[in-house]
Amino acid sequence: MRYAIRLKITYDYPAAVTDARHLLRVRPHADAGQAPRNVRLAITPRPDEHARERDFFGNDVDAIAFFAPHTELAVLMEAEVAVERPVPALELSPSAPSLAEEALAVATADGTSPLNHLGASRLIAPVAPLTAYVAETLGDGLAGEAVMALTRRIRDDFAYVPGATSVGTSVAEAFAARRGVCQDFSHVMIAGLRANGIPARYVSGFLRTEPPKGQPRLEGADAMHAWVDVWLGGELGWVGFDPTNGILAGDDHIVVAVGRDYSDALPIGGTFVTAGPQETDHFVDVIPIG
Amino acid sequence: MAIHPDILRRYAAIAEKSRDEMIAPDGAVRPHYAPLMARLGKMSEGELGRRFVSARQYLSEAGVFHQVYGEGVEQSHEWPLGHPALVLDRAEWAELCAGLVQRARFLEALLADLYGPQLVIGERLLPGILVGRNPEFLHPLAGQAGGSAPLLSFIAVDLGRGPDGRWWVLGDRTQAPSGAGFALENRVATSKAFPDVSRDLNVERLAGFFRKFREMLFALGGPEHTRIGLLTPGPHNETYYEHAYLARYLGLLLLEGGDLVVHGDRAEVRTVDGFQPISVLWRRLDADFCDPLELFGGSRIGTPGLVRAVRSGALALVNALGSGILETPALLAFQKPLAARLLGEELSLPTIATWWCGEEKIRRYVAENASRLQLGPAFAGAPAFPVMGETAARPGERHRDVPATAREGIGIVGQEIAALSTTPVYGKAGLEPRPVTLRAFLMRDEDGWHVMPGGFARVADSRDARVISMQRGGGSIDVWVPSTTAAKPVTLLGPKGDRFSRRLPGALPARAADNLFWLGRYAERCEAATRLLRLHAARNSEGWSAGELEARLAVLLREYGVEIEDGHPQRGLLALGRQSADTASRIRERFSPDAWRTLEDIVALILEAIAEEEEDIVELTSAILTHLSGFAGLAHENMYQFTGWRFMQCGRALERGQATAAVASALVAEAPPVGALEALLTFTDSSVTYRRRYSVDLSQQTVVDLTVLDPLNPRSLAFQVNTLAEVTAALPGVHLGETPDLLLRRLARLRVRLQTADALEVDTAFLDRVAADLALISDLLTQRYLLSSPRAAAEWSGGPE
């Protein structure tokens, strides 16, 4: 499947800001399952500094800085991406308990290692009832199938309610309320899996905007989306699951960045100096082009 | 003659249960303690008391104190220095040094591997999860070990002596070790108390170590002799005093994250003279807080982009960001194989026995032996100072449950409960044996690692304290390494033959200038309010019934936050006094301790008056004014009259000018009430001058002339504007002959207006306009030199869906 993607992020600063530095993680990732081309990034006003980098997890980063006062910031990313992700052979995965053991035996700690995704991170900490919730779903069966079941269970048990939570909502709050948006669902799933010894990481990306004929429209398609990569052993490696929609991350999902949680993969972060408020908005278009 | 045998017997009896530094098991004084004990034995109680007082006096005059936290209030406490010093045997010290240097080399190699090839993980000598889950493993710095700058240059090692007589490593401090400055202060204070004794014992000096350290920092900066900074979390940190002290002692710029800005790949200091490059920082700020962009995004005390500057090689940090990973307690469980692999040696200093519960077999061992072990977190996050247990475990965390599974055990270690040796310290009942730990400091230069000949020793406040903590009432003592030859004095001055040249201080950081400016303003504001209040109170006590004049004074006072009507005007004064003292405490390194203490005294004075419900406002305000003039005198007589001093003068003149304009305006406004002219003269402290210059009869014209227009009266409005214009002309970036900017033009215009005005035109409208002009000038000055508003984080409130 090929897509034309447009992402537009805007900021309004009525009181003007200075000394701004931002890190952008908005370019589609190039990997075995997806091939971006014609990636264009337009930033207004023109940054005083702009460097392209790769972070620890292998994400594309655009580091930009503005020193002069400005009252708005607009980031427009356009790209074409061909996605062809093989369906993972979940039946080949080990059982959940042996998967946990296999993960701990890994002898690398580089950016792709599952060892980075087993503990607490800035936004994710274990929550006892959630650990139990995930444990009862996992059981002793094949980890891949158990994680798929967990993905569906979260979709079924949780209400998708945009605006019910914010970027600052904790895992414990989202789990207790059983509602939120893709980021909450992903954090909940990651926290529960890690507490059960299964490596899980946060994925930020895009979702196809309009579904194929006869299929329902997926939730979260109008904005940046988030889902979960689960490490299913040396054989299968990282496999994407989308708890918001209760499905595998397949050809409708376009990966931008991965990390321990949202704070590692957020599309735009940074700091600036201002005396006033800020308003931000973003929209996403993911159109199939054959 | 030695110390009285009875005293020794009594001491030996208490010390019996543990190993003692001074007394051998047979009850005899150990040979290396004998010279000290012999001298102490000759001192009467009275003499000892006098000696302790001189040490205390030094500490209090130098302003040494430490912060104690509790119930949300920070309090400064007297620095708890005990006596006598811990004396170390020379031969034993040499052996300990060799072990410490070896340990430093080991830590260096381990850090280079963890932020490099990670061989110890690949070869399964260290479980990868101890890095993967480690909050101190900073991802943006992964792979940094390839660079040219050393990752470690200054570390501390906490030691305790076990029953076997050997020194054991209790923990490593590699992130931002504190205590070196306190060790230095302890040394100075102890030498004040026992100058003869320390000379007779040829105690090794510390200055040489600091000199080497300073040379190393400047060498790191390269041949361009750039500035070197000490990066501090700021005045609210518990060791800020030490940061300010060391910055002053070593001649470093004391910088907070907000003082720095990154342009391109370079770090620069915001100064009143523009951005100035900086290439070396002694980091006393925990790494995670250093850069909100790439590290902890919630940090408000960091510098966005700092990590970039480090990665590019343009900025060297001592120690490297991420070096805190070496403090991970779980690493202590893998010392042997790690040292064998990385050094090819066995470590000569033993480490406190530690078991990591992430492996099932070991978890079971810990569970079976839980009663004699102490459980604690496996990952770092140890408080940097001053809580230091005899193990790496934190108080409050020691009764943690044994983990049920190895997975839960990943975050937990079990450690042996170390029995510490005791050292003699004078307590209420004479010499008492107290458990002691020793923090040793090491620095690295091109020749390798060097150990500070001494250290920072902490003693518990009771015999069997398990945790030695200054937060909980413990104390510290000096550490003496006697030498066989007389110690040569070493100072931080350059070697003989260095050509002396007087150089002006480097550019002033904008934040320091801002604080000095506001200190000038706040001290003056406090004075203005105090004067007004005294005026009001004096009239009250002279029996005037409250009339129009009192009403006008009350309105003026309200502007300063001082409420007359509720009967508690002291509270408003207290706030003003605190503002000055707090501002001064933020720039303590640029101040004489005396000046700072004067402001603290004012706060104490008002607090006392409030506590004792003292109603004599005249007396209180007079006392405050005396202190304030003491402060002004110290600032004027003792401060180096360069850029910083100028900003303080600007603040002072601006505030005084505005106050005079406001008070004069209120008092002469339509039909001045009876007594208004006297009040204006009193407020401006010009009564005496007036009587000498003019007749006894007051006229509005002559009073206004003296208090507003007379350029020779140091309290007049015109005098403030002239001062402001002169001082501002000497600020950086002002070049005579160039087109003056708005700030200078405004000032010049105001100056002329006051020079040419006639006393008859000086009415309320005139004065209000001057006050408005002064406010504008203050804004312009701030914009041009001082602006550093708080940073905001870019919010992504849209959030993914």
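## Reading domains, sheets and a buried leucine

Trainee: Where should I start with chain B, and which domains does its assignment give?

Mentor: Start with the domain bounds, and keep in mind that this is a predicted model. The assignment divides chain B into domain 1 (52-203 + 324-482), domain 2 (206-318), domain 3 (509-639) and domain 4 (640-786).

Trainee: How many residues of domain 2 of chain B are in contact with domain 3 of chain B?

Mentor: For a pair of domains, look at the residues on each side. Here 14 residues of domain 2 of chain B are in contact with 8 residues of domain 3 of chain B. On the domain 2 side, helix H10 (240-250), strand S7 (253-255) and strand S9 (266-271) of chain B each give two or more residues. That side of domain 2 divides into 8 nonpolar, 2 polar and 4 charged residues. The centres of the two domains, taken over C-alpha atoms, are 35 Å apart.

Trainee: Now a single residue: is Leu774(B) buried or exposed?

Mentor: The idea is to count the C-beta atoms around a residue, and 20 or more within 10 Å make it buried. Leu774(B) is buried because 27 other C-beta atoms lie within 10 Å. This leucine sits in helix H26 (residues 764-786) of chain B. Setting aside neighbours within four places in sequence, Leu774(B) is in contact with Leu654(B), Gly657(B), Gln658(B) and Ala661(B).

Trainee: What is the strand order in the open sheet of 3 strands in chain B?

Mentor: To read a sheet, follow the strands from one edge to the other. The order is S12-S15-S13 (chain B), with antiparallel pairing. Strand S12 (354-356) and strand S13 (373-377) of chain B are the edges, each pairing on one side only. From one strand to the next, the twist averages 25 degrees. S13(B) and strand S15 (residues 412-416) of chain B are joined by 5 bridges, and Pro377(B) stands opposite Ile412(B) in S15(B).

Trainee: Which helix lies across S12, S13 and S15 of chain B?

Mentor: Helix H13 (residues 360-368) of chain B does, running at about 130 degrees to S12(B).

Trainee: And in chain A, how many strands form the open sheet that includes S11 and S12?

Mentor: Read this sheet in the way we just practised. It has 5 strands in the order S11-S10-S9-S8-S12 (chain A), paired antiparallel. Its edge strands are S11 (247-248) and S12 (253-259) of chain A. Strand S8 (residues 200-207) of chain A is joined to S12(A) by 6 bridges, and Leu207(A) has His253(A) as its bridge partner in S12(A). Helix H5 (residues 182-195) of chain A lies across S8 and S9 of chain A, at about 15 degrees to S9(A).

Terms used:
Residues are numbered from 1 along each chain as its sequence is written. Chains are lettered from A and ligands numbered from 1 in the order in which they are written. This is a predicted model: local features need pLDDT of at least 70, side-chain atom pairs count only at pLDDT 80 or more; totals for chains, interfaces and linings use all residues. Helices (H or I, at least four residues) and strands (E, at least two) are DSSP runs, numbered from the N terminus. A residue is buried if 20 or more other C-beta atoms lie within 10 Å of its own, exposed if 12 or fewer, and partly exposed in between; C-beta atoms are placed from the backbone. Two residues are in contact if their C-beta atoms, placed from the backbone, lie within 7 Å. Domain bounds come from an automatic or database domain assignment. Ala, Val, Leu, Ile, Met, Phe, Trp, Tyr, Cys and Pro count as nonpolar, Asp, Glu, Lys and Arg as charged, and the others, Gly among them, as polar. Two strands pair if DSSP finds at least two bridges between them. Axes are lines fitted to C-alpha atoms, for helices over the stretch in contact, and angles run from 0 to 180 degrees between N-to-C directions.
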